[in-house]
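Welcome! Here is a short briefing to read alongside the sequence and the 3D view.

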Amino acid sequence: MRFQGLTFVTDPGRVFSPRLTSEHLVDAALERIAGEPARLADVGTGSGAVAITLALRAPQIEVWASDTCRRALDLASLNADRLGARVHVVQGDLLDGLPRDLDLIVANLPYLAPGTPGYEDEPAAAVFSAGDGLDHYRRLIAGAGDHLAADGAVLIQFQGKVLEAERSELPWLVGRLESLVAAAA
Ligand SMILES: C[S@@+](CC[C@H](N)C(=O)[O-])C[C@H]1O[C@@H](n2cnc3c(N)ncnc32)[C@H](O)[C@@H]1O
């Protein structure tokens, strides 16, 4: 599939296929990086589309890409090799195994309540998160402070929007997500 003008190999049904809405996450990250050196992690990288595109578009940054799914990470590594991107691929839950002085954490993690219809073609572990659907993001935000530099930030994709929070604004971000879930109910 084409993503930000690049061609990515996908594995439909086994690894989440990137959506064009994730291009907004790339644009927001590039705007935030503004051509400066940075250390960035893409958490829940799937096929690697976001991490790899950022590594290619901003070659001055160092990029980590993490996921729990081995098959996703193998695909991300394949895509990075094919496109000539340098990305550190890490298997682990959310921020496990990632550096503690990141400038930016970007994520498009599962955020649908279990059983939400319409996503039967995607792996359940890629789209559903426990309870109201916010378990992954709540845990990511709870741990983000320990992995961000003092002036670092988090950029997450949620319901087609990109939400951004400075390190000091992380509690606000949880409240924002909860209000969006409540509004959609
Ligand atoms: C909605 S998909 C998005 C994939 C990719 N970021 C994109 O936009 O195309 C969510 C991804 O998060 C991964 N994931 C699920 N639980 C995770 C966890 N606890 N830690 C890290 N990654 C996780 C899934 O395997 C899946 O690849």
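**A first look**

The side chains of Arg 32 and Glu 166 meet at 2.7 Å, N to O, in a salt bridge (a side-chain nitrogen of Lys or Arg within 4 Å of a carboxyl oxygen of Asp or Glu). This is a predicted model, in which local features need pLDDT of at least 70 and side-chain atom pairs count only at pLDDT 80 or more, while totals for chains, interfaces and linings use all residues. Residues are numbered from 1 along each chain as its sequence is written, and side-chain values use heavy atoms, with hydrogens and water left out.

**Salt bridges**

- By the rule just given, the count comes to 10 salt bridges.
- The pair of Arg 32 and Glu 166 links distant parts of the chain: Arg 32 sits in helix α1 (residues 22-33) and Glu 166 in strand β8, 134 residues apart.
- Helices (H or I, at least four residues) and strands (E, at least two) are DSSP runs, numbered from the N terminus.
- Arg 32 counts as partly exposed because its relative accessibility is 28%; buried means under 20% relative accessible area, exposed over 50%, and partly exposed in between (1.4 Å probe, protein chains only).
- Glu 166 is partly exposed too, with a relative accessible area of 28%.
- Arg 138 meets Asp 132 in another salt bridge, at 2.8 Å from N to O.
- Both side chains have some exposure: Arg 138 is partly exposed at 30%, and Asp 132 is partly exposed at 34%.
- Arg 138 also forms a salt bridge with Glu 178, where the closest N and O atoms are 3.0 Å apart.
- Glu 178 lies in helix α6 and Arg 138 in helix α5, so this pair ties together parts that are 40 residues apart in sequence.
- Glu 178 is partly exposed, with a relative accessible area of 35%.
- Salt bridges that share partners join Arg 32, Glu 164 and Glu 166 into one network.

**Two helices side by side**

- Two packed helices are described by the angle between their axes and the distance between the axes.
- Helix α5 (residues 135-144) and helix α6 (residues 170-184) pack at about 170°, with their axes 9 Å apart.
- That angle makes α5 roughly antiparallel to α6.
- Axes are lines fitted to C-alpha atoms, for helices over the stretch in contact, and angles run from 0 to 180 degrees between N-to-C directions; under 35 degrees counts as roughly parallel, over 145 as roughly antiparallel, 65 to 115 as roughly perpendicular and the rest as oblique.
- On the α5 side, the contact (heavy atoms within 4.5 Å) is made by Tyr 137, Arg 138, Ile 141 and Ala 144.
- The α6 side brings Leu 170, Leu 173, Val 174, Leu 177 and Glu 178.

**Strand β7 and its partners**

- Strand β7 (residues 148-158) is mostly covered, with 9 of its 11 residues buried.
- β7 pairs with strand β6 (residues 102-107) in the parallel sense over 5 bridges; two strands pair if DSSP finds at least two bridges between them.
- Val 154 in β7 is the bridge partner of Ile 105.
- With strand β8 (residues 161-166), β7 pairs in the antiparallel sense over 6 bridges.
- Phe 158 stands opposite Lys 161 in β8.
- β7 and β8 form a hairpin with 2 residues between them, and Gln 159 in the turn has a positive phi of about 50°.

**A buried serine**

- Ser 47 lies in the loop between β3 (39-43) and α2 (49-57).
- Ser 47 is buried, with a relative accessible area of 3%.
- Not counting residues up to four places away in sequence, Ser 47 touches several residues, among them Phe 8, Val 15, Pro 18, Ile 52 and Asn 79.
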